[in-house]
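Student: I would like to go through this model by asking what earns each label its place. Could we set every value against its cut-off as we go?

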Amino acid sequence: MADLTGFNIDAPRWDQSTFMGRLKHFFNITDCRTALLPDSKLDEAKALVESCRAGSTPPGTTVEQLHYAKKLYDSAFHPDTGDRMNLIGRMSFQVPGGMAITGFMLQFYRTVPAVVFWQWVNQSFNALVNYTNRNAASPITPKQIGVAYATATSTALATAVGLNLYTKKAPPLVARWVPFVAVAAANCVNIPMMRQQEILNGIAVTDENGNKLGHSRKAAAKGITQVVISRVTMAAPGMIILPIIMQRLEKYRFMQKITFLHGPLQVMMVGVFLIFMVPAACSLFPQQCSMAVSKLEPELRESILSQYGEKVKYVYFNKGL
């Protein structure tokens, strides 16, 4: 039996400073099978993680059991609060949730009512995901959530409907790409709006040992920008490449006979893309983001220099997902 004395359950299994290390980590915690587990199983995993942190791991526990418990903990509990996240907002639900919504957005793009409905559904889903994966150290009021949701949804609808009308005479493939443009535009609004408190008041930053140094608006802007890039990247391959594939497939006679299956087929193909793109997009940037002290706001930089001198060169913060 393995000796678990001094076992650090929070130590990364893979090197988080490299893309491949982060990719393995996110393949692990975005495993959509974990979304099927009951809350009781997740709570057991949390209890085991917390007992290991406290140095009281139950006798007979193996390293494999600890790694699996940490996988479930990371997939279902918020890194800032330790609270269990709602199911739909978890990254482990991105594949089943995203594939259904994206597939139908790509299928029903021709009429304005269909565009409005599916863009509304997508932005409702995105708003919940963004809220769930925010940096929880910066609270947001219900009113701010409502404004963020309304603004992002309006942006997506205006973009989608406007482009849908504008591309009526454009080549068919151009019209198929309208949903992606709308999703990308909405992400650029939805995420900053949902996390506006971080931009207005700053995000908590620490030194490499986790000692809090203050709040930084510049750090918040950097983290949120990286999240926007990741989310657009997550959607891009499926929403850009799949329309090309479908346009070519629809020329075949057998596809013209099964038009009722085009929607489900696109849902399944989007799922194939997302299985790889969710962890890959999350891996583009480290979740524990860093920033040079020299790039912080002058007042925070001076505060750190007066307390620590030149010892602290970088600050660290959770950018969210």
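Tutor: Let us start with the word pocket: on a 1 Å grid over the protein atoms alone, a pocket is an open set of points with protein on both sides within 12 Å along at least five of seven lines, whereas a cavity is a set where a 1.4 Å probe fits but cannot get out, and lining residues have an atom within 4 Å of a point. Grid points are joined across faces, edges and corners, and a volume is the space filled by probe spheres set on the points. This is a predicted model, in which local features need pLDDT of at least 70 and side-chain atom pairs count only at pLDDT 80 or more, while totals for chains, interfaces and linings use all residues. Residues are numbered from 1 along each chain as its sequence is written, and side-chain values use heavy atoms, with hydrogens and water left out.

Student: What volume does the second largest pocket have, and which residues line it?

Tutor: The second largest pocket holds about 170 Å³ of space, and its lining is made of Thr206, Asp207, Glu208, Asn209, Gly210, Pro286, Gln288, Cys289, Ser290 and Tyr316. Strand E3 (residues 288-292) contributes the most to that lining, with three residues, a strand being a DSSP run of E with at least two residues and a helix a run of H or I with at least four, both numbered from the N terminus.

Student: How do you know which of those lining residues are nonpolar, polar or charged?

Tutor: Ala, Val, Leu, Ile, Met, Phe, Trp, Tyr, Cys and Pro count as nonpolar, Asp, Glu, Lys and Arg as charged, and the others, Gly among them, as polar. Set against that list, the lining of the second largest pocket has three nonpolar, five polar and two charged residues.

Student: Why is the largest pocket said to lie between two domains?

Tutor: The largest pocket lies between domain 1 (19-84) and domain 2 (91-318) because both give residues to its lining, the domain bounds coming from an automatic or database domain assignment. Its space is about 1100 Å³, and of its 46 lining residues the closest to the centre are Lys70, Asp74, Pro79, Gln287 and Gln288. Helix H3 (63-76) is one of the elements that supply at least two residues, and H3 gives the most, with six.

Student: Which residues does histidine 25 touch, and is histidine 25 buried or exposed?

Tutor: Histidine 25, in helix H1, touches Trp14, Gln16 and Asp74, leaving aside residues up to four places away in sequence; contact here means heavy atoms within 4.5 Å. Its relative accessible area is 16%, and buried means under 20%, exposed over 50% and partly exposed in between (1.4 Å probe, protein chains only), so histidine 25 is buried.

Student: What makes aspartate 10 and arginine 53 a salt bridge?

Tutor: The term asks for a side-chain nitrogen of Lys or Arg within 4 Å of a carboxyl oxygen of Asp or Glu. Aspartate 10 and arginine 53 meet at 2.8 Å, N to O, and therefore qualify. The pair links distant parts of the chain, with aspartate 10 in the segment before helix H1 (19-29) and arginine 53 in helix H2 (residues 39-53), 43 residues apart. Aspartate 10 is partly exposed at 38%, and arginine 53 is partly exposed at 41%.

Student: How do you know that glutamate 299 and arginine 217 pair as well?

Tutor: Their closest N and O atoms are 3.5 Å apart, which again satisfies the salt-bridge rule. Glutamate 299 sits in helix H13 (residues 298-308) and arginine 217 in helix H10 (residues 217-249), 82 residues apart. Arginine 217, at 39%, counts as partly exposed. Salt bridges that share partners also join Asp10, Arg53, Lys70 and Asp74 into one network, and the count by this rule comes to nine.

Student: Are aspartate 31 and arginine 33 buried or exposed?

Tutor: Their side chains form a salt bridge at 2.7 Å, N to O, yet aspartate 31 is buried at 13%, whereas arginine 33 is exposed at 59%.

Student: How many cavities of 30 Å³ or more are there, and what lines the second largest?

Tutor: The structure holds four such cavities. The largest has about 250 Å³ of space; among its 19 lining residues, Gln94, Thr102, Met234, Ala235 and Leu274 lie nearest its centre. The second largest cavity has about 70 Å³, and its lining includes Met105, Phe108, Trp118 and Val178. That lining has nine nonpolar, two polar and no charged residues, and H5 gives the most to it, with four residues.
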